[in-house]
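Subject: Structure handover and findings

Dear colleague,

Please find below the structure that I am passing on to you, followed by an account of what was found in it. I should be grateful if you would read the two side by side.

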Amino acid sequence: MKSKANAVVRYNDQKIEIKAYNEILVTQKRIVTVLSKAGNSDIDAVFHYGRGIDIKNLEVKIFDAYGKELKKIKEKDFQDVSAVSGGTLYSDSRVKYLDYTPISYPYTVLLDAEIEYNSTAFLPGWRPIEGFYVSTENSEYEIINSSEVEVKIKTQNFENYNITKLNNFHYKANDLSSLKPEAYSPPFKTYAPVLKAALVEFDMVGVKGVNNNWSDFGKWMFEDLLNGTDQLPDQVKQEIKELTKDSSNDLEKAKIVYKYVQDKTRYISVQVGIGGWKPMLATDVDRLGYGDCKGLSNYTYALLKEVGVDANYAVIYGGRNIRSIDKEFSSTQGNHVVLYLPNHENGVWLECTSQTNPFGFIAGFTDDRDALIVTPEGGEIIHTTTYPKEKSTQVTKARVKLLNDGSLNGEVTIKTQGYQYALHEGIQNEEPRNQDLHFKNYWDYVNNLSITEMEFENEKDSILFTENIKVSAQNYASKTGNLLLVSPNIFNRETHIPTRYRNRTLDFEIERGFVDTDEFIIEIDESLSFDALPDAVSIDTKYGFYQFSIMVLNEHEILYKRTYSLNKGNYPKEEYARFRDFVASVAKNDKAKLALTLKL
């Protein structure tokens, strides 16, 4: 149990007693031995409370490595703070958490908790293995249903672990070793055991919901959460109609509305009311000029509705890593809201919290995942826009002058689209000092780099971002006698080689593909001549493609050309070594050098 573990869950007994659709009692006895500082957070002594959630009992005992009791901590001794994140304006949720600094390791925590829920939209699930570097000695999960409400259960990835099903609502797990993260591995929840639970009838802060399936759940959201929140002031109705009156189609109208919202509002998180799930009134967003993802999406929806453009409120998991709503298990899921415009080719998705996003662009935060579309007829799971590698491109072109002392001066142009646009766009809004640091970090393998000029162009209609940079660097080439050794790939090297594993245990995933194309004209000083050039290289694998070549243009100029692409996909662990070899070959060839002779 201690092998590759920061903590061991010695015993975790969680019982969920369902008394009614709006009354649940959760009791938990939990014993965790913390082996190192990194395991302190695995105690998991954090309890949210507020409207609809009441802490009935909370107590902790701390023991040293020999089982001697060191401290007893009552509920009143827990830290009690507002559950407000850095980007949240205000919230009606609070949290109590254990704030304990250990004297030494290992130490053991015994936790007893009893929580009453009247808001039951989120039914506690079960993770037999709770996270990376956490082992589980004994864990038990049981639902006791004394009500007439139906409970839905879904289990995933139980088959490869020592987990016993005692009945449909009672499970035990024993002696589960910790899991260790591996490079390019899929999200933890896709291969670790997990149990999800949900009520068919539930309460969300006083509002009753129905959840037989996604259609029911979406219909409830529309009727009980969204209905009546989309009213607009009369002057705003007139203003948006005037702005769109000359538009020839709905897409043009939608673009005008989207820009109107971007220019008029800003994002601030507001987590109050019905579980943080009911949007602010559109009239309030208009009056205040701000809102959270729910409020801004609902405000945009109201404006589109006013000018006759169909749109749907959509719940989604937002984040850099791709995570989908579980389409096979309807429940309260998601952490973000966007809009979906259905009546266009492949649909259009709108990120309403961004003041800079191009219309219909969602790469990097909500792309390529399943979302819940809310309509008057019910909910529907739809996949968001995917940006294939052919559309996620970066084209880098440069002209460089190399001097006989090894220094260089150059002009570089970088054009990005698709997912790669999302990685680059935004730098134009930074302070000049941060822009300078950005490029020095981007080209951190170029010693003594100076950024002498920067210009940016953001073409939102074509979703193309252009960076024009002038650079200089001292001692870029290394001198040996009358030879200068120079790497011709100055501006786009692969420097990261995936971790090597002797015994890979997890399959691996490339979440997003891309294509990089580079062309650099390198001019050498008249006092130099080309002595030796590296041979062209071409590598074609199922994981990606790489090639570079050098063409002599004249006695003082060469053209370096490079293409590097990765293919999105899920691959078996047995192929990881071959994938790593491919990336390692790219990194090696990106450092290839040519030799120049200094004329005497």
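**Sheet and strand pairing**

Phenylalanine 63 stands opposite glutamate 69 in E5. The model is a predicted one, and this pair belongs to the contact between strand E4 (residues 53–63) and E5, which run antiparallel and are joined by 5 bridges. In the hairpin that E4 and E5 form, 5 residues lie between the strands, and glycine 67 adopts a positive phi near 85 degrees.

E4 also pairs with E9, again in the antiparallel sense, over 10 bridges. Within E9, leucine 110 is the bridge partner of lysine 61.

These strands belong to an open sheet of 8 strands with mixed pairing, in the order E5-E4-E9-E2-E1-E10-E13-E12. Its edges are strand E5 (69–74) and strand E12 (163–167), each of which pairs on one side only. From one strand to the next, the twist averages 10 degrees.

**Loops with notable backbone geometry**

Three loops deserve a look in the backbone.

- Tyrosine 105 and proline 106 are joined by a cis peptide bond, with omega about -5 degrees. Proline 106 lies in the loop that connects strand E8 (94–97) with strand E9 (107–117).
- Tyrosine 184, in the loop between strand E13 (170–176) and strand E14 (194–199), has a phi near 65 degrees, a positive value in a residue other than glycine. Its relative accessible area is 28%, so tyrosine 184 counts as partly exposed.
- Isoleucine 463 likewise has a positive phi, near 50 degrees, and is not a glycine. The loop in which isoleucine 463 is found runs between strand E27 (449–459) and strand E28 (464–473).

**Helix H3 and its surroundings**

What distance should the 15 residues of helix H3 (residues 250–264) span at 1.5 Å a residue? The expected span is 21 Å, and the end C-alpha atoms are 21 Å apart, so the two agree. At the N-terminal end of H3, asparagine 249 acts as a cap: one of its side-chain oxygens lies 3.1 Å from the backbone nitrogen of leucine 251.

The buried residues of H3 are Lys253, Ala254, Val257, Tyr258, Tyr260, Val261 and Gln262. They pack against three helices, namely H2 (234–244), H4 (282–288) and H5 (293–306), as well as strand E21 (336–341) and strand E22 (348–350).

**Nonpolar cores**

Which residues have the most contacts inside the largest nonpolar core? They are Phe47, Met221, Tyr299, Leu303, Leu304, Leu341 and Leu350, in a core of 93 residues. Leaving aside residues up to four places away in sequence, leucine 303 touches Leu232, Val236, Ile240, Val257, Tyr260 and Val261. Among these, Val257, Tyr260 and Val261 are also buried residues of H3. A second core, separate from the largest, has 47 residues, including Ile469, Ile510, Tyr543 and Val583.

With kind regards

Notes
Residues are numbered from 1 along each chain as its sequence is written. This is a predicted model: local features need pLDDT of at least 70, side-chain atom pairs count only at pLDDT 80 or more; totals for chains, interfaces and linings use all residues. Side-chain values use heavy atoms; hydrogens and water are left out. A nonpolar core is a set of buried Ala, Val, Leu, Ile, Met, Phe, Trp, Tyr and Cys residues joined through side-chain atoms within 4.5 Å. Buried means under 20% relative accessible area, exposed over 50%, partly exposed in between (1.4 Å probe, protein chains only). Contact means heavy atoms within 4.5 Å. Helices (H or I, at least four residues) and strands (E, at least two) are DSSP runs, numbered from the N terminus. The expected span of a helix is 1.5 Å times one less than its number of residues. A polar contact is a pair of N or O atoms within 3.5 Å; within protein, one must be able to donate a hydrogen and the other to accept it, and residues adjacent in sequence count only if both atoms are side-chain atoms. Two strands pair if DSSP finds at least two bridges between them. Axes are lines fitted to C-alpha atoms, for helices over the stretch in contact, and angles run from 0 to 180 degrees between N-to-C directions.
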